[in-house]
Amino acid sequence: MTKRRTAILISGSGSNMLALLEAARNPSYPARPCLVLSNNPEAAGLARAAVLGVPVAAVDHRPFAKDRAAFEQALDAVLLAHGTEFIALAGFMRVLTGGFVGRWQGRMVNIHPSLLPLYRGLDTHARALAAGDTEHGCTVHWVVPELDAGEIIEQVRVPILPGDDAAMLAARVLAAEHALYPVALASAIRHAG
Ligand code: GRF
């Protein structure tokens, strides 16, 4: 199959984005990264992607204030200008409206640091520890208008160890994310046809 032109949306360090770029170096990988896009012009992941020769762009969400639709129209303009056919959210920390999700539904996935449907939203590691869970993990799912609620594509379970604090657990989950996302994105693209 021809590679699907895939935009990776980030807000921060972009370690998941780097894992996807690495996987996409394989000629048989079904995604061709066409853009790394951030809502944060200072996101460290932008420089990390640029060094690797991937087109980068930032649409700062702050000037748009509460006008989420206008912000998302600006995102769409950049996405379409780069020929985007698929979107991988990788630490993108802005809530997307139903309008944007509707335009990309079926062509947009996200990675979340919990065993969904457990712990939608933020602070998942601290919540799993507080609950006394013995395992945690990460999930790649299709994006739907409801936050962190789309059909699950793949999950990886990660043990919670005695003495874990949120940072230690987050690091262990993040390493699992880097292994999971490339596999799950390929599966999603092949499923999308
Ligand atoms: C990851 O833990 C991801 O699950 C969450 O935000 C973090 C992004 O990390 N949505 P990075 O920017 O990929 O390093």
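So, Gly-193: just after helix H6, this glycine takes a positive phi of about 75 degrees. Keep in mind that we're looking at a predicted model.

Let's walk back into H6 itself, which covers residues 166-192. At the N-terminal end, Asp-165 acts as the cap, with a side-chain oxygen 3.1 Å from the backbone nitrogen of Ala-167. Further along, the helix isn't straight: there's a kink of about 30 degrees at Leu-180, shortly before the proline Pro-182. And that stretch is tucked away, since the buried residues of H6 include Leu-180, Tyr-181 and Pro-182. Leu-169, Val-173 and Glu-177 are also among the buried ones, and so is Leu-185.

Hang on to Leu-185, as it takes us to the cavities. How many cavities of 30 Å³ or more are there? The count comes to 2. Leu-185 helps line the second largest, along with Thr-6, Ile-8, Leu-20, Ala-24, Tyr-29, Ala-31 and Pro-33. That cavity holds about 40 Å³ of space. Strands S1 (4-10) and S2 (31-38) each give at least two residues to its lining. By class, we get 7 nonpolar residues, 1 polar and no charged ones.

Now the largest cavity, at about 50 Å³. Its lining splits into 4 nonpolar, 1 polar and 4 charged residues. Among the residues around it are Asp-67, Arg-68, Glu-72 and Arg-94, and you'll also find His-61, Phe-64 and Phe-71 there.

Those two phenylalanines bring me to the aromatics. The model has 3 aromatic pairs. Phe-64 and Phe-71 make one of them, a tilted pair at 5.8 Å centre to centre with 55 degrees between the planes. Are the two partners buried or exposed? Phe-71 counts as buried because its relative accessibility is 5%, while Phe-64 is partly exposed, with a relative accessible area of 25%.

Phe-100 and Trp-104 form another tilted pair, 6.4 Å centre to centre and 35 degrees between the planes. Why are these two placed to meet? They sit 4 residues apart in helix H4 (residues 98-104), so about one helical turn separates them. In general, an α-helix has 3.6 residues a turn, so residues three or four places apart point the same way. Both partners are buried: Phe-100 is at 0% relative accessibility, and Trp-104 has a relative accessible area of 2%.

Methods. Residues numbered from 1 in each chain as written. Predicted model: local features only at pLDDT ≥ 70, side-chain atom pairs only at ≥ 80, totals over all residues. Heavy atoms only, no water. Bend = angle between axes of the 7 residues up to and from the residue. Buried < 20%, exposed > 50% of the residue type's maximum accessible area, 1.4 Å probe, protein only. Polar contact = N/O pair within 3.5 Å; in protein donor to acceptor, adjacent residues only side chain to side chain. 1 Å grid on protein atoms, 1.4 Å probe; cavity = no way out; pocket = protein on both sides within 12 Å on 5 of 7 lines; lining within 4 Å. Points joined across faces, edges and corners; volume = space filled by probe spheres on them. Nonpolar A, V, L, I, M, F, W, Y, C, P; charged D, E, K, R; others polar. Phe/Tyr/Trp six-rings, centres within 6.5 Å; stacked < 30°, edge-to-face > 60°.
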